Amino acid sequence: MKIMKTLKIMALALALLNTACLTEQNAQKSAAYSNVGLDGVNVKLASGGATAVYKPEFIVLSSAKNPEKKLRRGDFGYKMLPGEQEGLLYTIPTWGKAEGVIDSSKMHVEDGFNPETDRGFGKDRTANYYKAAKTKTIVAQSAKLEGDKVIWTFPEDADFILTATLTIPKDASTLARVDFEFTPKKAAWYSVGYIGAPETEVAEIEEIWQATIWQEKRFPNAPYLCEAYRCTIPGTLVQAKGVTTGMLADLKFLPFEPMPKDFNSQFGVMLVSPNGKAQSSIFAPVLGNDDSNMKSGVPFNFTF
């Protein structure tokens, strides 16, 4: 029954995105949407009497030095049941002070156990993605509708150039698509996140989805990033008041990998907004992976 309920959530999300309409000035028809337009700089998706507002809001994480991403066991606030001796043994990405590698050559290592990652972390590291590096939020200052595209213009920034375009599908079988290009003005480690999806108070959640342990009403106790290699679907979902909202990474960023791992993940997803509310968000590249080490003037592109 739980599996069926989850599949229904996914179907609702895709239905909302596929059949939604944007109803404001400059409206136009499309095969996938009954109307297309803008509400200021925001995009409205409406379906079956429900409306979801997506804002052109991004957050940029940056670090001048290697942020030292390492998998560690997290503290998820799990309350052990009588007779249990261990809590929830689940690893998540963390960032912070470099740590020495454990030499397991002379250790007796149990099958399936990795002494390097199957351990906790101290105060010099964090699993809160918004605290992994310096952050800067940027919101589009204007938007215009040109044909089947909504073009967002962002303010000038001393550290980077950001452009983003939302494409309205002409085919009803495809989804609306956001393409962004991020060009750093100085060499550093970067991650760009879209945080403009609808936010929901935790108390109003009906059901959520973030791979692989946060479903139904099990809301994360911190902004934990789920990297692509663990994503059973390439996104997160939030259901409240009978409406499901979410975003999915373009599947070209989830290619076949003989051995999917954290270091070859091209994006990450989260459910916790910077305000601590429920919000579907997506980040690329993952801070600390090789592709997040960017050179000045070299653009990075991503699609969701």
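The dialogue below goes through salt bridges, a pocket and a surface patch in a predicted model.

Q: What should be known about the numbering and the model before reading it?
A: Residues are numbered from 1 along each chain as its sequence is written, and the model is predicted, with local features needing pLDDT of at least 70, side-chain atom pairs counting only at pLDDT 80 or more, and totals for chains, interfaces and linings using all residues. Side-chain values use heavy atoms, with hydrogens and water left out.

Q: How many salt bridges does a search of the whole structure find?
A: A salt bridge is a side-chain nitrogen of Lys or Arg within 4 Å of a carboxyl oxygen of Asp or Glu. The search finds ten. One of them joins D262 and K69, with the closest N and O atoms 2.8 Å apart. This pair links distant parts of the chain, 193 residues apart: D262 is in the loop between β19 and β20 (268–272), and K69 is in the loop between β5 (57–63) and β6. Strands are DSSP runs (E, at least two residues), numbered from the N terminus.

Q: Are D262 and K69 buried or exposed?
A: Buried means under 20% relative accessible area, exposed over 50%, and partly exposed in between (1.4 Å probe, protein chains only). Both D262 and K69 are buried.

Q: Which residues are linked in a network of salt bridges?
A: The network links K136, D157, D159 and K186. Between D157 and K136, the closest N and O atoms are 3.2 Å apart. K136 also meets D159, at 3.0 Å from N to O. Because K136 lies in strand β9 and D159 in the loop between β11 and β12, this second pair ties together parts that are 23 residues apart in sequence. D159 counts as buried at 16% relative accessibility, D157 is buried at 13%, and K136 is partly exposed at 30%.

Q: Where is empty space left, and how much lies in the second largest pocket?
A: Rolling a probe the size of a water molecule over the atoms shows where empty space is left. On a 1 Å grid over the protein atoms alone, a pocket is an open set of points where a 1.4 Å probe fits, with protein on both sides within 12 Å along at least five of seven lines; lining residues have an atom within 4 Å of a point. The second largest pocket holds about 210 Å³. Its lining divides into five nonpolar, four polar and three charged residues, and β18 gives the most, with three residues.

Q: Which residues make the nonpolar surface patch?
A: Patch residues have over 30% relative accessible area and no salt bridge, with nonpolar side chains (Val, Leu, Ile, Met, Phe, Trp, Tyr) joined within 5 Å and like charges within 9 Å. Here Y78, M80, L81 and L88 make a patch of about 380 Å². Y78 is partly exposed at 40% relative accessibility.

Methods:
Areas by Shrake-Rupley, 256 points an atom, 1.4 Å probe, with all protein chains shown as cover. Points joined across faces, edges and corners; volume = space filled by probe spheres on them. Helix = DSSP H or I, 4+ residues; strand = E, 2+ residues; numbered from the N terminus. Nonpolar A, V, L, I, M, F, W, Y, C, P; charged D, E, K, R; others polar.
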